[in-house]
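Subject: Structure handover

Hi,

Here is the structure I promised to pass on. Please open it alongside this email; my notes follow.

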Amino acid sequence: MALDARQVQDAGDGAFHRPPSRFRRWVSSDGSTPYPAVSGRYHLYVARACPWAHRTIIGRMLMGLEEAIGISFVSPLRDERGWRFAGEGYEDPVNGFAYLSQAYDATDPRYDGRVSVPVLWDRERGEIVNNESADILRMLSTAFRELAEHPVELLGGRDSQSLRADIDALNAHIYENVNNAVYEAGFARTQAAYERAVAKLFTTLDELNARLAGRRFLFGARPLETDWRLFTTLVRFDAVYQIHFKCSLRKLVEYEHLWPYARDLYQWHGVAETVSFEEIRAHYYRTHPQLNPSGLVAVQPAADFSAPLSAARPRPES
Ligand SMILES: N[C@@H](CCC(=O)N[C@@H](CS)C(=O)NCC(=O)O)C(=O)O
């Protein structure tokens, strides 16, 4: 499939290289950019299947930005023209687009890069503001804060500059060794590139597991941005990455601390409703024919994200 061939960027080393996102403009609350944070002006285009888009779905929900920022879902299955609004819950009421590529064309007709989710769309200017999930998640908890119905602190507190640096550093570490490493394992073209990706992935999961022995979340008692960025990979791990991307050394459920931690996040108020295992499994198993030519969808693993947490890890307060 052409799109996947493009996604698997091979620099000659058999390794998967994710191209950088192209639209990186910022919404602001202080007039410092041409994109002021205004209720009703921006719209999110997302796929429930996608771990990057999932970050933004969670961020919008946690902050209570559902009224301020609209959302549309693309179908889990991309066709030869990419992400599609195929009807039956997958519609674009804002622009009536049939394909997400129309949003990219409207923004820059010469754009020839990947048509990826998530996309933050500006209804007023009729263009994409940003298509990088890390930026969008950060904007949701900062620039959009004043529009949020129940804002939560995802960066550890306004005055905490040193914590902000730690968050950025751990985000980068987890991106390189977990979020993107599963793709590097899945799309590697050589045994060596695959094994390198798997090695760094599990070294890092082991490290994170140890870190969580002493604390409920990565930075303490409350989940921050980094926890949610890790969560969207963990929640897909056993259902997809462990099988489809051959991240086979261990399963999430085998980790003493990571598994209850992932359940804790899943059971956090409102989060389970953002997870669609159906769409996740349908998307991965049926969208990469080079990895799964039969298109058969692996059944959902029995381990239950809703299973009660032990008293040592109490259920989150509502
Ligand atoms: N760096 C981007 C990556 C987004 C991304 O790769 N999304 C995937 C879905 S999981 C996609 O839309 N791929 C379409 C393609 O590669 O053509 C971000 O974090 O927003």
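How many of the residues of helix α9 (residues 258-266) are buried? The count is 9 of 9, so to speak of α9 as mostly covered is fair under the cut-off of under 20% relative accessible area. Please keep in mind that this is a predicted model.

**Helix α9 and its neighbours**

The buried set in α9 includes the aromatic residues W259, Y261 and Y266. Charged residues are buried there too, among them R263 and D264. L258, P260, A262 and L265 complete the list. These buried residues pack against three helices: α7 (191-211), α8 (225-241) and α10.

Two of those partners also meet each other. The axes of α8 and α10 come within 10 Å and cross at roughly 50°. That angle makes α8 oblique to α10. The crossing is right-handed. On the α8 side, the contact is made by V235, R236, A239, V240 and Y241. Facing them in α10 are F277, I280, R281, Y284 and Y285.

**Aromatic pairs**

I searched the whole structure for aromatic pairs and got 29. Two are worth a look on screen.

Start with W52 and Y175. Their ring centres are 5.7 Å apart and their planes stand at 50°, so the pair is tilted. W52 belongs to helix α2 (residues 51-63) and Y175 to helix α5 (residues 161-179), so the pair ties together parts 123 residues apart in sequence. W52 is buried, with a relative accessible area of 10%. Y175 is partly exposed, at 28%.

Then go to F277 and F305. Here the ring centres are 5.6 Å apart and the planes are at 35°, so this pair is tilted as well. It links distant parts of the chain: F277 sits in helix α10 (residues 277-287), and F305 in the segment after α10, 28 residues apart. Both rings belong to buried residues.

**One cluster**

W52 and Y175 also belong to an aromatic cluster. Its other members are F16, Y183, F187, F202, F237, Y241, F245 and Y284. Two of these turn up again in the helix contact: Y241 on the α8 side and Y284 on the α10 side.

**Charges over rings**

Two arginines are placed over phenylalanine rings. R48 lies over the face of F73, 3.7 Å from the ring centre. The charged end of R211 sits over the ring of F219, at 5.1 Å from its centre.

Over to you.

Conventions:
Residues numbered from 1 in each chain as written. Predicted model: local features only at pLDDT ≥ 70, side-chain atom pairs only at ≥ 80, totals over all residues. Heavy atoms only, no water. Phe/Tyr/Trp six-rings, centres within 6.5 Å; stacked < 30°, edge-to-face > 60°. Helix = DSSP H or I, 4+ residues; strand = E, 2+ residues; numbered from the N terminus. Buried < 20%, exposed > 50% of the residue type's maximum accessible area, 1.4 Å probe, protein only. Lys NZ or Arg CZ within 6 Å of the ring centre and 35° of its normal. Contact = heavy atoms within 4.5 Å. Axes fitted to C-alpha atoms, helices over the stretch in contact; angles between N-to-C directions. Parallel < 35°, antiparallel > 145°, perpendicular 65-115°, else oblique. Left-handed = near helix turned anticlockwise from the far one by under 90°.
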